[in-house]
Structures are given as C-alpha cells and as structure tokens.
Amino acid sequence: MPSANASEYLTPADACFDLNDGPKQERTIELPDGSTGVFGIEKEQADVAPIWDGYYNATDGNWKVYFYTGVLDAEYWISIKNYNITSWWGHKASSVGGALSNFSKSFSSKRTKWSFLFTGVGGMASATYTLGAEINGSRLHTYRA
C-alpha cells in the first residue's frame, strides 16, 4: 500500500522504510495478481556498529534493496551519505519460467532505477520490470513497477 509521503513514482507494489528503524527491514505486500512479494532493505554488516559504541549513524552506509517473489527476484546495493544516494552496484535478478534481458539503470542523488525485460518460456509473454529506490531524509521508498 502506498505511503502518505511517497513520490510521484507510486506503483501497485511499493514499501517505505525509515532507515532509523534498524539495519534489516522487510514488508510483505500483496501484488495486483493476488500473489505476495517481499520488499526489504539490509545494511551491510560492516556498517552496523555495536550499540555499546554509543554512536550509530543509521542512514549512512551501504544498503541492499531487494524485492523477492520466488518467481522473480531482484536486488542491488546503494551507498547513502548525508541523506543522498552516492552510488549503486551489484544488481542481480533471477526468474523461474523465463529469461531476463535488456537491462538498464538510472541514478541520481535521490533515486535509483533498474529495469529489465522478462520473457516467458517460449516467448509467450513479456513485461518490463523496474526495481527502484528513492530517498527523502531518512525514509527510503522502494518500488517495483
């Protein structure tokens, strides 16, 4: 379900996370076809300081952004510094019952977008999917279109 402060990139499949709520967060959502998917973010272990260190910058560091359905899974890493996305890498996807091709990506200091074409076995059906992330302060809005 879309959040109240999500951007103009709302889609039927999205989730918002507050980076201050912890280094690993997941939301299970119902997709328009009735199946379910899991959105998640996970901070790189090296960026998670023990609580007894007395200082923990919740937002800065490397975060994995992912969406899993079991049939179509996609993920990539982003680096966040001072509430901006400074880089992204490590994108990968897998599917059951189809092939993935035509990969493209876009990046700015506030959003990332990775798109690819899914073609079903025998070329019977195809669709372009996008996994995106957008930062606004400490909130990270993720979506699959």
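## Aromatic pairs

Eight aromatic pairs are found in this structure, which is a predicted model. Rings of Phe, Tyr and Trp (its six-membered ring) count as a pair if their centres lie within 6.5 Å; planes under 30 degrees apart are stacked, over 60 edge-to-face, and the rest tilted.

One of these pairs joins tyrosine 66 and tyrosine 68, which are stacked at 4.7 Å centre to centre with 20° between the planes. Tyrosine 66 is buried at 1% relative accessible area, while tyrosine 68 is partly exposed at 27%. Here buried means under 20% relative accessible area, exposed over 50%, and partly exposed in between (1.4 Å probe, protein chains only). Elsewhere, Phe103, Trp114 and Phe116 make up one aromatic cluster.

## Charges over rings

Tyrosine 66 has another partner: the charged end of lysine 64 sits over its ring, 5.4 Å from the centre. Likewise, lysine 105 lies over the face of tryptophan 88, 5.1 Å from the ring centre. For this, NZ of Lys or CZ of Arg must be within 6 Å of the ring centre and within 35 degrees of the ring normal.

## The nonpolar core

The largest nonpolar core (buried Ala, Val, Leu, Ile, Met, Phe, Trp, Tyr and Cys residues joined through side-chain atoms within 4.5 Å) has 26 residues. Leu19, Phe39, Tyr76, Ile78 and Leu140 have the most contacts inside it. Strands that each supply at least two residues include S1 (13–18), S5 (72–81) and S9 (126–136). S5 gives the largest share, five residues. Strands are DSSP runs (E, at least two residues), numbered from the N terminus.

## About the model

Residues are numbered from 1 along each chain as its sequence is written, and side-chain values use heavy atoms, leaving out hydrogens and water. Local features need pLDDT of at least 70 and side-chain atom pairs count only at pLDDT 80 or more, while totals for chains, interfaces and linings use all residues.

Definitions and conventions:
Helices (H or I, at least four residues) and strands (E, at least two) are DSSP runs, numbered from the N terminus.
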